[in-house]
Amino acid sequence: AMKAVDQRDDIVAVSAVFAKDENSYDVETLESFKQHPTLNTFFTDSNLKVRFKSEYRNRDREAATIRQSDAWVNGTFLDFTSGYWNDIIGLDISYHRLDPISSNPRKDTSFYLDGHSGFDHGAIPAIKLRYNNFDFKIGRFMTDYGYGGWEYEIPLINGSSIRPLPITVEGALLSNKINNNFQLYALYTKRELGPFDTGLKWDDAKVGIRNLNNELLDEKPKYSIGGIWDSKKGTTLAVGSRYQEDVSNQFASKFSKVIPLNDKKMLKIDAIGLYADITGDTKQIVKKLPGSMDAESVYVYSGQLSYIQDKIVLFSAFGYVSDKIAPNTGITTDLTFVGDQTLDRIHADMFSYAFGSMYQFTPEFTAGFSVPITSGYLENEKIHKVEGIGLNFIFSYNVKNGPLDGVRFWGILNRSEEKREKDDGESKNYSNYDIKLVLQYDFDINYNSLYSYK
């Protein structure tokens with residue numbers, strides 16, 4: 001990032017900071033950055049986010065195409081965000097890599113590795129510009145709310161993944177903060193790599209019309225616009241839309257409201273909805289499919305009610321997916337608040353429900369459970385009924401202070417049973433389990449951390 005600084009005195013000043021003995025930084029030199037007209041915000045507002053993430057996954061889904069998975073991986077994530085030079089231009093660059101610690105060669109790695117080998121998506125650089133209340137970014141950048149860098153989750157603009165890799169795109173992003181309550185976004189996407197695109201390179205990530213073998217037939221960029229209204233008093237409403245020629249049109253919204261009660265009690269209401277229809281050449285491809293995935297449109301809605309009192313949270317949720325959608329449509333229907341590690345919730349005419357609780361036993365340790373229930377059909381023709389019930393035990397331990405401040409250990413232990421109808425009218429029961437364990441260490445290196453180190 002310092003290559004953007006073209007004045008000799010600035011380069012000398014930067015070099016002086018890092019040339020000091022490792023046990024003593026020159027505080028006066030660091031302080032000088034605050035007053036320097038060029039580096040005032042470019043350096044002092046820069047941040048390097050470092051994440052080391054070790055994740056273990058072991059599961060057995062009897063009815064799934066890929067039944068058994070076993071992988072233990074280690075992730076290294078470096079995300080640098082500069083300030084703005086002369087309050088105009090800055091640089092963001094990221095690098096993410098996954099390497100195997102162990103994996104069973106007789107089992108799948110559940111999209112955690114490139115087969116059984118490590119991989120990365122290369123450097124992810126972007127140039128950013130700022131003018132008044134407008135921010136513009138062009139290049140390759142993350143659009144993953146779960147990995148930071150986004151104040152809000154905006155439907156069809158960004159996503160939120162807890163997988164080892166974030167959602168990244170190649171394109172351009174324009175945002176406008178109209179006031180403290182309202183922001184607008186516009187996103188142009190030419191290439192996209194998601195959490196499941198293990199081993200792929202950017203040349204493989206062009207968006208457009210694809211057949212069912214995921215082969216690109218014609219490039220078609222995505223155009224998305226969205227906005228968020230935040231009352232700053234516990235209510236938010238976000239909307240988004242996406243147009244992709246000859247692929248699909250999508251519209252989505254997300255709502256959240258916190259209702260204070262008394263004595264540290266509150267209610268929280270969340271809702272989400274999506275409508276999408278398939279268009280053009282992709283629609284013609286879908287029409288040739290069997291009835292199991294021939295839907296030309298789909299809608300999804302979901303809601304969740306949470307009761308929060310001091311250290312305990314009680315919640316219930318529901319969701320509905322109208323149709324099973326072909327994988328080449330670019331439409332994601334796994335949006336409901338009902339979560340589970342092994343039960344499918346995106347089949348046809350699929351209702352899902354869940355209830356559960358979380359309790360904070362100590363400031364560091366929280367644990368709880370959720371029980372999901374599903375009911376729907378394996379295909380859009382509604383021939384084979386599928387029903388399921390599961391149990392998830394969730395826990396999280398966060399180190400709050402000391403030399404290990406920033407370390408988090410969390411996991412989900414899952415067990416489920418699913419009943420599926422067969423062609424002869426009889427039903428078959430399937431048993432599933434899933435174990436997910438994550439050890440994560442996050443820390444930042446920035447002006448404040450250097451300045452405070454003595």
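**Notebook: a surface patch and two cores**

I began with the strands and noted that S15 (297-309), S17 (348-360), S18 (365-377) and S19 (385-398) each supply at least two residues of a nonpolar patch. I keep in mind that this is a predicted model.

Next I looked up which of the strands gives the most to the nonpolar patch, and found that S17 does, with three residues. I then listed the members of this surface patch, which are Phe251, Tyr275, Tyr299, Tyr301, Phe318, Phe351, Tyr353, Phe355, Phe369, Ile373, Ile389 and Leu391, and I wrote down that together they have about 1100 Å² of accessible area.

I picked out Phe251 from that list and located this residue in strand S13 (residues 248-260). Is Phe251 buried or exposed? I have to put Phe251 in between, as partly exposed, because its relative accessible area is 45%, and I recall that buried means under 20% and exposed over 50%.

I turned from the surface to the interior and looked up the largest nonpolar core, which has 14 residues, with Leu274, Ile278, Val286, Val298, Ile325 and Ile331 having the most contacts inside it. For this core I noted that strand S14 (265-278) and S15 each supply at least two residues, and that S14 gives the most, with three residues.

What does Ile325 touch, if I leave out residues up to four places away in sequence? I found Ile278, Met293, Ala295, Ser297, Val298, Ile331 and Thr333 as the contacts of Ile325.

My last entry is a second, separate core of twelve residues, and I noted Phe141, Ile157, Val169 and Leu187 among them.

Notes: Residues are numbered from 1 along each chain as its sequence is written. This is a predicted model: local features need pLDDT of at least 70, side-chain atom pairs count only at pLDDT 80 or more; totals for chains, interfaces and linings use all residues. Side-chain values use heavy atoms; hydrogens and water are left out. Patches are made of residues with over 30% relative accessible area and no salt bridge: like charges are joined within 9 Å, nonpolar side chains (Val, Leu, Ile, Met, Phe, Trp, Tyr) within 5 Å. Accessible areas come from the Shrake-Rupley method with a 1.4 Å probe; for residues, only the protein chains shown count as cover. A salt bridge is a side-chain nitrogen of Lys or Arg within 4 Å of a carboxyl oxygen of Asp or Glu. Helices (H or I, at least four residues) and strands (E, at least two) are DSSP runs, numbered from the N terminus. Buried means under 20% relative accessible area, exposed over 50%, partly exposed in between (1.4 Å probe, protein chains only). A nonpolar core is a set of buried Ala, Val, Leu, Ile, Met, Phe, Trp, Tyr and Cys residues joined through side-chain atoms within 4.5 Å. Contact means heavy atoms within 4.5 Å.
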